[in-house]
Structures are given as C-alpha cells and as structure tokens.
Amino acid sequence: INAEYGLQRNIRAWMEFKNWPWFLLYQKTRVFAKRHNFEQEIEEKDAKIKEMHQQIASIKSEKDGLTLSISQLKSQLEEIEQHLREEKARVIDLESQSETLKTDLTKLKDTVEDLQSEFIDLQKELALVQEKDSETTQALRDLEDKHDALQREKKNLEIIKAKHETELKEVNDLLNLSLIHI
C-alpha cells in the first residue's frame, strides 16, 4: 500500500513538474548545452599540418641529395665510359703489335672487363637511385595531397565552429529574453 501511495505521489509531482516553465526551457536548451571542442581539433590539425610540413621538407632535402647523387653518378659514369672507350682503343692497338705484348694484352682485357662490370654496377645503382627518386616524388605528392585535404578539413571545422557559436549565442539570447519575461 505504501508503494501505491509513493507511486501516486511521484506521478502527481511529475504532472506538475512537466508543465513548469523552467523545466520546459531546460528541455529545449539541453540539446545546445553540449559543446564540441573545436579549438582542440583545430590545434590537432595544425600539429598534423606542421608535422607534414616537416616531412615534406625532409623528403625534399632527401630528394635534393638523391638528385645530387644522380648527377655525380652520371658524371662518374661518363668518365668511366670515356675511360672504357680509351681502353678499348688501346686493346685494338695492342692486338696489332708483336707476340711479346700478348701478356700486356691479357692484362688490358682484364681491365676492360673490370670497367664493364663497374659500368654495369653503376648503371644498376643509377637505376636504383632513379627508382628511389620516383618513389620520393610520389611520396611528396601524396603528402601534399594529404596536406591539402587537412587544410580543407580545417576550413570546414572553422565554418562549423562559427555556425555553432552563432547558434549558441542565439540560444543564450533566447534564454536571456525568457529570463527577463519571467
């Protein structure tokens, strides 16, 4: 029986409470009470942007280093190619000489083979460096695309923030007006 009286008393209190103007105002403004932390999100996005700028700078410096290495390897390759051509010419001249120079001829052929293997190794190195250069260039493009996407996301968040601040101000104004009328 006490439970029935307790339930009846609680239902009667609720019926009076639900029409109370302050409670109605609270129900309407409760949705706006939650506030999204846009400043923190913007700071996080700024930190990501700064990190990407640093990554871009390091990739650019690495690319510049690789470009310098490529030019040095190309100049070395040209020197070795020139040296290889000269050695081949000397081999032809030595073949026309007498039998006493055959031992010298075999030495020069060995030198030519070494230079050719060095030339092939340098070509492989050059190919690897060029491949790495293309990879870093692609990575740079990807990072720049991510940077652009983050910039757009930051602008959108700032627009949403301004919108929510305007809505919050309108609700505060409405709340102030209702407080004045009460």
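1. In this predicted model, the largest nonpolar core is made up of 8 residues, namely I70, L73, L77, I80, F119, L122, L126 and V129. Two elements, α3 (38-95) and α4 (102-181), each give two or more residues to this core. As general background for a reader new to the subject, nonpolar side chains in soluble globular proteins tend to be buried together.

2. I80 is a useful member of that core to look at in detail: leaving aside residues up to four places away in sequence, I80 touches L115, E118, F119 and L122. A second core, separate from the one that holds I80, has 6 residues, and L84, L105, L108 and L115 are among them.

3. T136 lies in helix α4, and it counts as buried because its relative accessibility is 10%, which falls under the 20% cut-off. A polar atom of the T136 side chain lies 2.8 Å from the backbone oxygen of D133. When residues up to four places away in sequence are not counted, T136 touches I59, E62, K63 and L66.

4. The surface also deserves attention, since L7, I11, W14, M15, F17, W20, W22 and L179 form a nonpolar patch there, with about 810 Å² of accessible area together. Helix α1 (residues 2-18) gives the most to this patch, with 5 residues.

5. Is W22, a member of that patch, buried, partly exposed or exposed? W22 is placed in helix α2 (residues 21-33), and it counts as partly exposed because its relative accessibility is 36%, a value between the 20% and 50% limits.

Key:
Residues are numbered from 1 along each chain as its sequence is written. This is a predicted model: local features need pLDDT of at least 70, side-chain atom pairs count only at pLDDT 80 or more; totals for chains, interfaces and linings use all residues. Side-chain values use heavy atoms; hydrogens and water are left out. Patches are made of residues with over 30% relative accessible area and no salt bridge: like charges are joined within 9 Å, nonpolar side chains (Val, Leu, Ile, Met, Phe, Trp, Tyr) within 5 Å. Accessible areas come from the Shrake-Rupley method with a 1.4 Å probe; for residues, only the protein chains shown count as cover. A salt bridge is a side-chain nitrogen of Lys or Arg within 4 Å of a carboxyl oxygen of Asp or Glu. Helices (H or I, at least four residues) and strands (E, at least two) are DSSP runs, numbered from the N terminus. Buried means under 20% relative accessible area, exposed over 50%, partly exposed in between (1.4 Å probe, protein chains only). A nonpolar core is a set of buried Ala, Val, Leu, Ile, Met, Phe, Trp, Tyr and Cys residues joined through side-chain atoms within 4.5 Å. Contact means heavy atoms within 4.5 Å. A polar contact is a pair of N or O atoms within 3.5 Å; within protein, one must be able to donate a hydrogen and the other to accept it, and residues adjacent in sequence count only if both atoms are side-chain atoms.
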